[in-house]
Amino acid sequence: MGTSIDGVIEARTAGAAWEREVDLFDFDLGKQRYERECLFGYGGGLGVDRPLFDARGWPEDSCDEVPKQCDELNHSHSYATWAEIAAVDWDAPVCDAPDGHRVGEWRPGPDGELVLSEVLWTPVEVDATAAELFGEELFPHEWPPGGEVRLNGAVYRPVVLTPGMIVPPDGDWAPVWASMRALAAEHGDQNVRLVVWFG
C-alpha cells in the first residue's frame, strides 16, 4: 500500500485569506518516497539529514481544504512558500556522508570532461569490480578516499545526495514548481504556498 502525498497549492491577494488554487492530486505524484523525504522529511529510507521543509505542521491561516487535524489519512503536514522553494540550493548536500547503496555515474560530456550522468543503485558489476579493486566487499560509502570504479566508459564514485539528485528539475515535481512559479508571477513569491500532508 504505502503512503500517498496529498496537498494543495494556495495563494492570497493583499489583505485576503489564503485560497486553494491547485490540488496536488492533479499532478499524480503518487507515493514519491525519496522525494517526500528530501522535501518534507517524511519517510523514504534515504537517511536525509537535512530535509528542505521538515515537518513544519500546517499553517494556521491555510485554506479550508487543508485538514487541521492529524489522523491516519492526514498527518505529517508541512509547507513552503514559492519564495522558499525558489531560494533552494539544489546542489547543496542534504546528507552528511556518501550514500551507502548508491553511486554517481560520471560520463564524458561534450568537452570531454566527466559530468554526472545519473545517481543509481550500485550495479552488481560495479560492486564486483570494486571488491576486486579494493580487496574486499565494501559499500560505496566505505570505499577508500578518492576511490572510484572505471567500467564500460563510465566512472562510478560514492555520492553525497543533493536535492537536485533526488528531486531532479525535469522530474515529476517540475509541473508543481511551474504552477507555483506562474501563480507567483501574479500574486508574489511570498503569497503562493505549497501545503502537503500524507496518508
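**View 1. Glutamate 65 sits in a loop between a helix and a strand.** In this predicted model, the loop that holds glutamate 65 runs between helix H1 (33-40) and strand S3 (75-81). Is glutamate 65 buried or partly exposed? With a relative accessibility of 37%, glutamate 65 counts as partly exposed. Glutamate 65 also belongs to a negative surface patch, together with Glu19, Glu21, Asp64 and Glu186.

**View 2. Here is the protein chain as a whole, to help you find your way.** The protein chain has five helices and eight strands. Follow the sequence from start to end and you will meet them in the pattern β-β-α-β-α-β-β-α-β-β-α-α-β. Along the principal axes, the C-alpha atoms fill a box of roughly 65 × 40 × 25 Å. How much of the chain is buried? Of the 199 residues in the protein chain, 43% are buried.

**View 3. Glutamate 10 and arginine 193 join two strands through a salt bridge.** Look for the closest N and O atoms of glutamate 10 and arginine 193, which are 2.6 Å apart. These partners come from distant parts of the chain: glutamate 10 is in strand S1 (residues 5-11), arginine 193 is in strand S8 (residues 192-198), and 183 residues separate them. Glutamate 10 counts as buried because its relative accessibility is 0%, under the 20% cut-off. Arginine 193, at 6% relative accessibility, is buried too. Both residues also take part in a network of salt bridges that links Glu10, Asp61 and Arg193.

**View 4. Two further salt bridges involve arginine 102 and arginine 107.** The whole structure holds nine salt bridges, and this close-up picks out those of arginine 102 and arginine 107. Arginine 102 pairs with aspartate 99, and their closest N and O atoms lie 3.2 Å apart. Are these two partners buried or exposed? Both arginine 102 and aspartate 99 are buried. Arginine 107 meets glutamate 105 in a salt bridge as well, with 3.3 Å from N to O. In this pair, arginine 107 is partly exposed at 31% relative accessibility, whereas glutamate 105 is buried at 7%.

**View 5. Aromatic rings come together in pairs and in a cluster.** The count of aromatic pairs comes to six. One of them is formed by tryptophan 90 and tryptophan 177, with ring centres 6.1 Å apart and 50° between the planes. How is this pair classed? The pair is tilted, because its angle lies between the 30 degrees under which planes count as stacked and the 60 degrees over which they count as edge-to-face. The pair links distant parts of the chain: tryptophan 90 is in the loop between helix H2 (82-86) and strand S4 (102-108), while tryptophan 177 is in helix H5 (residues 174-187), 87 residues apart.

**View 6. A closer look at the two tryptophans and the ring cluster around them.** Tryptophan 90 has a relative accessible area of 23%, so it is partly exposed. Tryptophan 177 has a relative accessibility of 8%, so it counts as buried. Which residues do the ring pairs link into a cluster? They are Phe40, Tyr42, Trp90, Trp173, Trp177 and Phe198.

Conventions: Residues numbered from 1 in each chain as written. Predicted model: local features only at pLDDT ≥ 70, side-chain atom pairs only at ≥ 80, totals over all residues. Heavy atoms only, no water. Patch = residues over 30% accessible without salt bridge, like charges linked within 9 Å, V, L, I, M, F, W, Y side chains within 5 Å. Areas by Shrake-Rupley, 256 points an atom, 1.4 Å probe, with all protein chains shown as cover. Salt bridge = Lys/Arg side-chain N within 4 Å of Asp/Glu carboxyl O. Lys, Arg positive; Asp, Glu negative; His and termini not counted. Charge placed at Lys NZ, Arg CZ, Asp CG, Glu CD. Helix = DSSP H or I, 4+ residues; strand = E, 2+ residues; numbered from the N terminus. Buried < 20%, exposed > 50% of the residue type's maximum accessible area, 1.4 Å probe, protein only. Phe/Tyr/Trp six-rings, centres within 6.5 Å; stacked < 30°, edge-to-face > 60°.
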